[in-house]
Every structure is written in structure tokens, then in C-alpha cells.
2 protein chains.
Amino acid sequence: MTADEAEPGTLRPGGRTARVRAAVLRAAGDVLAERGFAHMDLADIAQRAGVGKTTVYRRWGTVTALVTDLLTEMIESSLPRTYTGSLLGDLGAHARLVHTTLTDPRQGPLFKAVIAAATYDERTAAALRRFYDARITEWAPCVREAAARGEVPEDTDPREVIRAVSAPLYYRLLASGDPLDETTADRAAKAAIAAARAGIFSPGKR
Amino acid sequence: MTADEAEPGTLRPGGRTARVRAAVLRAAGDVLAERGFAHMDLADIAQRAGVGKTTVYRRWGTVTALVTDLLTEMIESSLPRTYTGSLLGDLGAHARLVHTTLTDPRQGPLFKAVIAAATYDERTAAALRRFYDARITEWAPCVREAAARGEVPEDTDPREVIRAVSAPLYYRLLASGDPLDETTADRAAKAAIAAARAGIFSPGKR
DNA sequence: TGACTAACGGAACTGGAGACCCGTTATGAC
DNA sequence: GTCATAACGGGTCTCCAGTTCCGTTAGTCA
């Protein structure tokens, strides 16, 4: 909608516009955590945010777009990776970060909602790809450092290892519905290392 | 809705009722494959199926319920596991089965839709858990057989190995959006075996 | 082969999500 | 300060997904 006018917030990003955005995103996060994706209603969110519903429809238009914006904000406030000096320590930290994110009462529902929306909305899918690309890029160096230390083969694909750590956690959250606990996170890190040592993530060795 | 009357199809499952169900599920699958989950409209599906829209609303009520029923039917027509005599052969076959399912023009969109719906609908989530439980139970024996042959430790958790094979494929489909090809499937099987051999899926060894 | 009724289907109805109109507020440039 | 206009917001309307009503069709059982 309103394709012929400039993106709101780009010409007057100060004061009120920023306050409105913050209030709406806050309210949207609250509704998502409290009532879930299925009960998100833009008019209700507008009221909670103390903002006119016209404003919400004009700036976001759909629940999907609003949830995507929520993810975008989360990317910006993403935590930096940790350094422990060992691959198991680093990948374990990554696995626990993913676990914490997916089970957090605010972030968990957000991720479920975003992933659900991404299955049918291309903009959301693109935002999600950007998020994982950033996360993987952030953590991949720990595999390169481990390769330099000789913990895994020199030609190990770092990004593939990071993906291998996250995958089991997402599988449980979204598909099988099996419990998502610290044991699972820990095992995911160890399994990825075992596979890497066996050369499974080394393109050369086939 | 209509909670006080018997489940349609239970008292007169023959003839017309079965034809209506088949026609509607067929049409729903077509719409899902052609236009996607977001464009599924019960009235449209009813028309395509040559059935009254009242009937569709009475028997399914929501797009989510209809998609869940579609999954239920798929479970019943699920392929049996294959036997190759080696763990790599068996797990490779499982990985290719998952890959084929997720990239199939009809089944792929169905799985995306069901998983999206399962994030906010408990009935769909339950149906999905049943599906994976059945799949894992079907394939777990191949790990036990491999353990008997000495390919992996005796106390390897068979179900955990099967989950480890599927996980990377689902992660790519739903989260990262990375391409889903045979190489990925092959690597998933190999990685699971490497982890199992290292004792990561053996509860005893910690 | 007829009676009973589960299940279907056309048509009219309704509620509320989302679009629209237009006056108001307050940001940013001078 | 003052002006132009980006952005907000209350009120109203529209449209269609989902419901209801009630007559029709066809399984099932005797």
C-alpha cells in the first residue's frame, strides 16, 4: 500500500516517528509473547501502543511485516560471539546461545512466528536469511581458529560446521517437537565437531 | 464449531462422504502447490472440488485443519524404509527420502505449510509430532542393526541418529534458506554416522 | 423398495479486519 | 520565531471470510 510515497521515517526520523515505532514494536512483542502469532491484531497492537490504528496500517500494513521488523531490530541488538580458546567451548557457547534464543519467552515465539511467516512471505524469508547469514558469519571464525590450532582439518568448511550446530535445535523446535534442553545443545556441538574431525565438512575429502 | 454433533464421516463413511473428502483434499493440495499457503481460501477450494462451501466449512472449518488432514493422509501412504546392508546406505536412503519429500512440488509446500501452522496450532503440532514419531520409529532399526554389525557403538541412541540425519535438511528449508540438494543430504548421513562412531549419541559415554 | 436421517449445498446474512477521508500535530529547514 | 509539510489519528465505510438457515440428496438398514 501507499507505494507512491516515501518510506515513513526516512525524511523525519526524529522524535515522534521514532517514539511511535518503538511503542508499536514493544506492543507487538508483548502481544506475540502473551497471546501468540495467531492472535496478533493490528488494531489491538495500535491501542496497546497508544497509537492510531491508521498509523500502524500505514507503516506496516500486515502482521507479517510488523513481525519482520521486529526481527530486523533483533539483528541490530545481537550479541557478539564469545572466545573460549577451544572449539568445543566456542561451539558449545554458540549452541547455548541458539538454545537460549529459541526458549526465551519473548524471542522464542518471535522466531517461531518469523519462520512461519517466512514460509509464505518472501520479504520475511529474505530478512531471515540475512539474520542467519550474519550469525554464521559472526561465528564461523571460531572454526578457522580451531583449524589453525589443528583441532579440525585445515580445509573444514566453517559455515557448514556452524549450521550443523544450529540444525538439531531448530529441527526440534519446528518439526519433531522433541524437548529442547541444554543436553541437546551440548550434543549438537559435540556432534558437529566429531563430523568435522572425520572430514565430513572438508570439500576436498569426498 | 459444531461441537455437539458427531464427527462427519464416522456414521456414513461410504460413497459420497468419501468422494467429497477425496475431492476437497485433492483440490486443497492443488491450491497449496500452485498458489501457496497464503492464498488458500476455503470457498475457492470448495469450488475447485465441485463441492458446496458450507460442506468444507462444516467438515474442516479452517485452512489449518484442512492442511493437517492433508498431512494425516500422507502419513498413511508413507513409504516403507529400505534395506541396503550398511549404515551409510540406509541413512543415505533416509536422507534422500527427506530431501525428496521436502523438494517435491506437492509435498514440499505441504510440509512448509504444516510446519508453519504447527507453530501456532496445537492440533497441527500434534499431527506433526505423530508424523515424525512414526518416521523415526520406522528408520531407527537400521541403527540397531548397524550396532549389531559393530558399525557404531552398542549403546548408540537410534532415534537420535535418525533425527541428526533429518535436522540439517529441515534447517535449510525453514531457517537459513540455503540450497537443499543431494550433497547436503549425503553429508547429513555421513555426519550423523561420524558423530555416532565418536559416541556422541551414546548415553553412557559422556 | 421404502423409510429414516446423515451429510450435502445454495443463498442470504453478519462481523470485523483493513482501507479511506480529512483534519491535527509537531518536525525540520530557514 | 514562522512556514511548509511529513506523519499521526479519529471516524467512517467497504468488502469478504465465515456463519446460519433450510431445503435437497443419497447412504444405510429393514
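These entries record what I looked up about aromatic rings in this predicted model.

**Entry 1: the count.** I began with the number of aromatic pairs. Over all chains, the count comes to 12.

**Entry 2: a pair across two chains.** I then took up A:Phe37 and B:Tyr120, whose rings form a tilted pair. Their centres are 6.2 Å apart, and the angle between the planes is 55°. Where do A:Phe37 and B:Tyr120 lie? I found A:Phe37 in the loop between α1 (15–35) and α2 (42–49) of chain A, and B:Tyr120 in the loop between α6 (107–118) and α7 (122–149) of chain B, so the pair joins two chains. I next asked whether A:Phe37 is buried or exposed. Its relative accessibility is 15%, and because buried means under 20%, A:Phe37 counts as buried. B:Tyr120 has a relative accessible area of 34% and is partly exposed.

**Entry 3: a pair within chain B.** I turned to B:Phe111 and B:Phe131, which form an edge-to-face pair. I noted 5.2 Å from centre to centre and 65° between the planes. B:Phe111 belongs to helix α6 of chain B and B:Phe131 to helix α7 of chain B. The two residues are 20 residues apart, and the pair links distant parts of the chain. Both B:Phe111 and B:Phe131 are buried.

**Entry 4: a cluster.** I looked up which residues form one aromatic cluster with A:Phe111. They are A:Phe131, A:Tyr132, A:Tyr170 and B:Tyr171.

**Entry 5: arginines over rings.** Lastly, I looked up two arginines of chain B. B:Arg59 lies over the face of B:Trp60, 5.1 Å from the ring centre. B:Arg81 lies over the face of B:Tyr83, at 3.8 Å from the ring centre.

Note on methods
Residues are numbered from 1 along each chain as its sequence is written. Chains are lettered from A and ligands numbered from 1 in the order in which they are written. This is a predicted model: local features need pLDDT of at least 70, side-chain atom pairs count only at pLDDT 80 or more; totals for chains, interfaces and linings use all residues. Side-chain values use heavy atoms; hydrogens and water are left out. Rings of Phe, Tyr and Trp (its six-membered ring) pair if their centres lie within 6.5 Å; planes under 30 degrees apart count as stacked, over 60 as edge-to-face and the rest as tilted. Helices (H or I, at least four residues) and strands (E, at least two) are DSSP runs, numbered from the N terminus. Buried means under 20% relative accessible area, exposed over 50%, partly exposed in between (1.4 Å probe, protein chains only). A charge sits over a ring if NZ of Lys or CZ of Arg is within 6 Å of the ring centre and within 35 degrees of the ring normal.
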